[in-house]
Amino acid sequence: MKHTTTTVPKASSAMKDSLRPLAILLGIYTLVFFALAYRKYSIFANDSADTAIFVHAYWATLHGKFFWHYFLNMCFFGDHGGFILVALLPVYAIFPTVPALLFLQSVFIALAGIPIYLIARKALQDQFAALCVTAAFLLFPTIASQHVNQIHDTQFIIVFLLFTFYFYYTEQFGWFVAFTLLSCLGKENVPLTLMMFGVYAAVQRRDWKWIVTPVAIGIGAMALLFKVVMPYYRGNQPYRSFAYFGPLGDTPLQVLKTAVTEPGKVFSVLFGTQNVMFFIQLIQPVAWILPFLSLPIIFVLPDLLVNLLSDNVSLKVIRWHYNLTVGAFLFVSAIFSIQKLNVWLSARFGAARYAAGFGVLLTCLTVSSWTLWLDPNDYVRLPQADALEGALTLVPADQSVLVPQTMLAHVARRWYFNTIQHWVYHEHKPEKIFDYKYVIIDANERRPAWSVPQEVIKAYASNSSYELILNEQNVLVFRRAGEDILQAKP
């Protein structure tokens with residue numbers, strides 16, 4: 001008994017010691033990147049349209065409209081999956097602020113470093129190498145950018161996907177199934193990645209349960225989302241994302257038909273100039289060819305092919321959330337490529353810590369790629385920031401308002417809010433801009449997509465229903481006379 005009581009604490013202590021550097025890394029990482037995210041939000045330096053979608057969805061749920069999408073006028077789950085958001089609702093109910101959601105997002109992104117570390121430590125048998133690979137992963141452009149981009153549901157699911165791979169790798173079937181199911185709480189494209197586990201298992205000649213289970217869960221999840229859940233919440237509105245493939249087809253089946261009957265058209269899209277540049281930016285921080293030396297690269301294929309075939313340029317922006325899963329599995333594949341190279345180099349040149357060298361290389365490459373996601377100008381307080389803060393204080397919390405693109409998340413906890421650009425350029429209903437009680441205009445804005453035309457400003461100034469109540473540092477606030485006509489819950 002004495003031997004047992006002295007041995008177990010030592011083993012436990014050894015495990016804590018081995019994880020302590022990881023815990024310190026993840027703790028510092030979370031705080032630093034949350035600080036960056038909060039800075040951009042607080043000084044109105046970021047596009048906040050998507051953040052506003054999630055903030056409003058949470059707020060609306062607590063006020064009687066289940067995950068309402070503020071500009072699509074339907075439930076969010078009619079447009080996308082992402083039921084992980086429902087699981088996080090209690091957190092927002094306790095801390096109903098944008099900073100709380102930003103912090104939660106940073107925590108979840110940081111937690112994705114745990115399965116990466118565990119995979120790397122087991123595969124490489126080198127704790128220092130595993131720490132370096134984890135640091136490189138957390139600083140990889142498609143990962144690090146998601147702290148300071150916007151709030152999205154994908155950021156909360158990537159940790160589950162990576163744990164799914166870890167439990168597959170360690171052959172813990174029960175936990176593998178559990179995290180496969182948890183991963184299904186992500187967007188509707190996640191099941192495609194999950195089905196790749198079946199392909200992976202078949203190539204590795206694993207038992208049938210490893211092949212059939214992820215494929216069955218993936219197909220079941222997609223059928224449930226596309227045939228039941230999303231149509232129920234969407235009503236008669238079309239599924240918007242099918243329109244992303246332009247001339248290749250309006251549905252996945254049409255895209256597949258085009259690939260079979262007109263392969264030249266598909267190849268011309270795949271190898272277009274924009275795609276080539278996007279792909280170079282994507283793989284350069286992982287030493288170009290490193291991920292392609294091992295089989296886990298197949299997990300990159302579903303999302304990467306969608307992004308490359310799409311004519312929506314948003315999917316090819318490194319710092320946006322569409323490439324989070326791609327970046328994560330590029331690193332998983334790179335880990336096993338390092339494992340192979342370590343064995344080959346040891347056999348050829350003798351034993352050495354080659355894995356540690358590759359880990360340092362990856363860290364250097366990802367750190368040096370910071371320009372792909374970090375713009376220092378985004379953290380410089382704007383000259384008109386004080387005026388924008390003052391403008392917000394003039395707008396009551398229960399009144400409708402039009403605001404600049406950078407302020408949407410700040411006003412999302414109300415029923416009616418939007419931008420002038422939404423009604424003028426996207427919906428082509430310019431008359432709608434006169435329905436709002438308050439209008440905030442930042443005339444300093446120089447980005448064409450966000451700037452307000454002078455004729456619109458003149459239209460408010462000449463409209464007898466509106467009075468100018470603030471004109472400071474080129475920030476204007478107009479207030480509509482009478483009662484707010486947008487009061488009823490949508």
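## Pockets, cavities and helix contacts

The second largest pocket is lined by 16 residues. Nearest its centre lie Tyr70, Asn73, Tyr416, Trp423 and Tyr436. The model described here is predicted. The volume of this second largest pocket is about 260 Å³. Two elements, β4 (417–418) and α20 (420–426), each supply at least two residues of its lining. Sorted by class, the lining of the second largest pocket holds 10 nonpolar, 4 polar and 2 charged residues.

Enclosed spaces were examined next. Across the whole structure, 2 cavities of 30 Å³ or more were found. The largest cavity contains about 110 Å³ of space. Its lining consists of 16 residues, and Tyr41, Asn46, Thr51, Leu102 and Asn149 are the closest to its centre. Helices α1 (2–42) and α8 (141–148) are the elements that give two or more residues to this lining. The largest share comes from α1, with 3 residues. The lining of the largest cavity has 6 nonpolar, 8 polar and 2 charged residues.

The second largest cavity holds about 90 Å³ of space. Several stretches of the chain contribute to its walls. Val403, Pro404, Gln405 and Thr406 are among the lining residues. Ile420 and Gln421 also line this cavity, as do Ile440, Ile441 and Asp442. Glu445, Trp450 and Val452 are further members of the lining. Both α20 and β5 (438–442) supply at least two residues each. Strand β5 gives the most, with 3 residues. By class, the lining of the second largest cavity divides into 7 nonpolar, 3 polar and 2 charged residues. Helix α20 thus appears in two linings: it supplies at least two residues to the second largest pocket and at least two to the second largest cavity.

Two helix pairs were then considered. The first is α7 (residues 127–139) with α18 (residues 354–367). Their axes come within 8 Å and cross at roughly 20°. An angle under 35 degrees counts as roughly parallel, so α7 is roughly parallel to α18. The crossing of α7 and α18 is left-handed. On the α7 side, the contact involves Phe128, Ala129, Cys132, Val133, Ala136 and Leu139. These residues meet Ala355, Ala356, Gly359, Val360, Leu362, Thr363, Thr366 and Val367 in α18. The contact of α7 with α18 comprises 11 nonpolar residues, 3 polar residues and no charged ones.

The second pair joins α9 (residues 158–169) and α11 (residues 190–203). The axes of α9 and α11 come within 11 Å, with a crossing angle of roughly 10°. By the cut-off of 35 degrees, α9 and α11 are therefore roughly parallel to each other. The crossing of α9 and α11 is right-handed. From α9, the residues in contact are Leu161, Thr164, Phe165 and Tyr168. Their partners in α11 are Val190, Thr193, Leu194, Phe197, Tyr200 and Ala201. The contact of α9 with α11 is made up of 8 nonpolar and 2 polar residues, with no charged residue.

Taken together, the two contacts can be set side by side. Charged residues are absent from the contact of α7 with α18, and they are absent from the contact of α9 with α11. The handedness of the crossing is left-handed for α7 and α18 but right-handed for α9 and α11.

Methods: Residues numbered from 1 in each chain as written. Predicted model: local features only at pLDDT ≥ 70, side-chain atom pairs only at ≥ 80, totals over all residues. Heavy atoms only, no water. Axes fitted to C-alpha atoms, helices over the stretch in contact; angles between N-to-C directions. Helix = DSSP H or I, 4+ residues; strand = E, 2+ residues; numbered from the N terminus. Parallel < 35°, antiparallel > 145°, perpendicular 65-115°, else oblique. Left-handed = near helix turned anticlockwise from the far one by under 90°. Contact = heavy atoms within 4.5 Å. Nonpolar A, V, L, I, M, F, W, Y, C, P; charged D, E, K, R; others polar. 1 Å grid on protein atoms, 1.4 Å probe; cavity = no way out; pocket = protein on both sides within 12 Å on 5 of 7 lines; lining within 4 Å. Points joined across faces, edges and corners; volume = space filled by probe spheres on them.
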